Amino acid sequence: MNKLKTLVVGCGNMGISHARAYHQLPEFEIVGLVSRKPQSREKLSQELGGLPTYDNFDNALRESKPDVVSINTYPDTHADYVRKSLNAGAHVFVEKPLALTVEEAEDLVALAKEKNRKMVVGYILRVHPSWTKFVEIARTLGKPLVMRMNLNQQSSGDKWYTHKQLMNSMSPIVDCGVHYVDIMCLMTQSTPISVSAIGVNLTEEIDAKMYNYGQLQVRFKDGSVGWYEAGWGPMMSETAVFIKDVIGPKGAVSIADKPNDDSQDIEGHTKTGSLKIHYSQLDKEGHFIKKDDHITTEEEPDHDGLCLLEQEFLLNAIVNDHDLSSHLLDAINSLKIVLAADESVRTGQTVTL
């Protein structure tokens, strides 16, 4: 087959890792790097052997005529760039979220189908072997499930700047939450039915109507419940930074320890450490029958390795005409949950889905 001409849009953490993945896979050929900041695109261009660079998406799309567009920019640009890419006849990889509204996301999914183009949304935990095992074990615990997850980030410097830029369009529980409610949907294999949430603004550095700390609770049709918390900023506590815990009638499974990484580091968002499995069954004397198990997850991919797995998934979908309908439906459902949480924060009411 001819190489898939690929335009990479955005040269921040995610764009860099995805560009390295395309560079590593012989089926792809990067035909352009797009970034608002000259230094970021030029530095990445040099790392990958000297690639064409652009400061404008529309010009890059028109001149490079890509087969694939990889969108790794701030969320408020995603829908526009996806629409233009699909209309130009390109397959699309887009970092989450697909759009800022459910209606817009549904329109883009319909457009991808109409144009017969593949579209993959960057749910990186879905390709992560440790998280795949976490979901697999959770499904053995019986029903209903109680799922407790958070990702609090004590950020400063450039990371706090990035968080503030993100909060121009969405809160932490929307931006990060899509990953974790997606995992909850995979664990329960059930339909979410209602969402409640709270949020608070802890800084004068963002819009008064935005909040940099939030917590959501979601109920599922099978009786399962999930809780997710996220906060960003220099004031955030590091005491309860990383909780990933699932409880069912038959026991519990947890991501037991997070590696000693800087919580601001992109690697720290996906690394696990180990899985701990607890069994609830008691003997006649009321003692536990089985001891807790630990599964080491030390030999897991780094961030670049996970992005490589995502692009291999996209490649397989393109080459083998893999049906992505369920992938895209899940992307819409997870967005539906976090946007309902955002509505709940603003109205003070539980939102029925």
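The following exchange goes through selected features of a predicted model.

Colleague: On what terms are residues and atoms treated in this predicted model?
Modeller: Residues are numbered from 1 along each chain as its sequence is written, and side-chain values use heavy atoms, with hydrogens and water left out. Because the model is predicted, local features need pLDDT of at least 70 and side-chain atom pairs count only at pLDDT 80 or more, whereas totals for chains, interfaces and linings use all residues.

Colleague: What is the order of the strands in the open sheet of 6 strands?
Modeller: Helices (H or I, at least four residues) and strands (E, at least two) are taken as DSSP runs, numbered from the N terminus, and two strands pair if DSSP finds at least two bridges between them. Strand S2 (residues 28-34) and S3 run parallel and are joined by 2 bridges, with Val34 standing opposite Tyr54 in S3. The pairing in this open sheet is parallel, and its order is S3-S2-S1-S4-S5-S6.

Colleague: Which are the edge strands of that sheet?
Modeller: With the order S3-S2-S1-S4-S5-S6, the edge strands are those that each pair on one side only, namely strand S3 (53-54) and strand S6 (119-122).  The names asked for are therefore S3 and S6.

Colleague: Do strand S7 and strand S11 pair in the parallel or the antiparallel sense?
Modeller: Strand S7 (residues 146-154) is joined by 9 bridges to strand S10 (residues 225-233), and these two run parallel; within this pairing, Met147 has Gly226 of S10 as its bridge partner. S7 also pairs with strand S11 (residues 244-248) over 4 bridges, and here Val146 stands opposite Ile247. The sense of the S7 and S11 pairing is antiparallel.

Colleague: Which helix gives the largest share of the largest nonpolar core?
Modeller: A nonpolar core is a set of buried Ala, Val, Leu, Ile, Met, Phe, Trp, Tyr and Cys residues joined through side-chain atoms within 4.5 Å, where buried means under 20% relative accessible area, exposed over 50% and partly exposed in between (1.4 Å probe, protein chains only). The largest such core has 84 residues, of which Met119, Met149, Met187, Tyr228 and Val246 touch the most other members. The largest share of this core, 9 residues, comes from H11.

Colleague: How many residues make up the second, separate core?
Modeller: Val8, Leu51, Phe93 and Ile318 are included in this second core, which is separate from the largest one. The number of residues in it is 22.

Colleague: Is Ser344 buried or exposed?
Modeller: Ser344 is found in helix H11 (residues 325-347). Leaving aside neighbours within four places in sequence, Ser344 is in contact (heavy atoms within 4.5 Å) with Val195, Ser196, Ala197, Gln349, Thr350 and Val351. Its relative accessibility is 2%, so Ser344 counts as buried.

Colleague: Why does the salt bridge of Glu47 with Arg20 tie together parts of the chain, and how many residues apart are they?
Modeller: A salt bridge here is a side-chain nitrogen of Lys or Arg within 4 Å of a carboxyl oxygen of Asp or Glu, and Glu47 forms one with Arg20, the closest N and O atoms being 2.7 Å apart. Glu47 is partly exposed at 43% relative accessible area, and Arg20 is partly exposed at 31%. Arg20, Glu47 and Asp304 are linked in a network of salt bridges. Because Glu47 lies in helix H2 (residues 38-47) and Arg20 in helix H1 (residues 13-24), the pair ties together parts whose separation in sequence is 27 residues.

Colleague: What separates Asp80 and Lys84 within helix H4?
Modeller: Asp80 forms a salt bridge with Lys84, with the closest N and O atoms 3.3 Å apart. Asp80 has a relative accessible area of 33% and is partly exposed, and Lys84, at 29%, also counts as partly exposed. Being 4 residues apart in helix H4 (residues 78-87), the two are separated by about one helical turn.

Colleague: Which helix gives the most to the lining of the second largest pocket?
Modeller: On a 1 Å grid over the protein atoms alone, a pocket is an open set of points where a 1.4 Å probe fits, with protein on both sides within 12 Å along at least five of seven lines, and lining residues have an atom within 4 Å of a point. The second largest pocket is lined by 13 residues, of which Lys113, Asp323, Leu324, Ser325 and Leu328 lie nearest its centre. H5 and H11 each supply at least two residues of the lining, and the helix that gives the most, with 4 residues, is H5.
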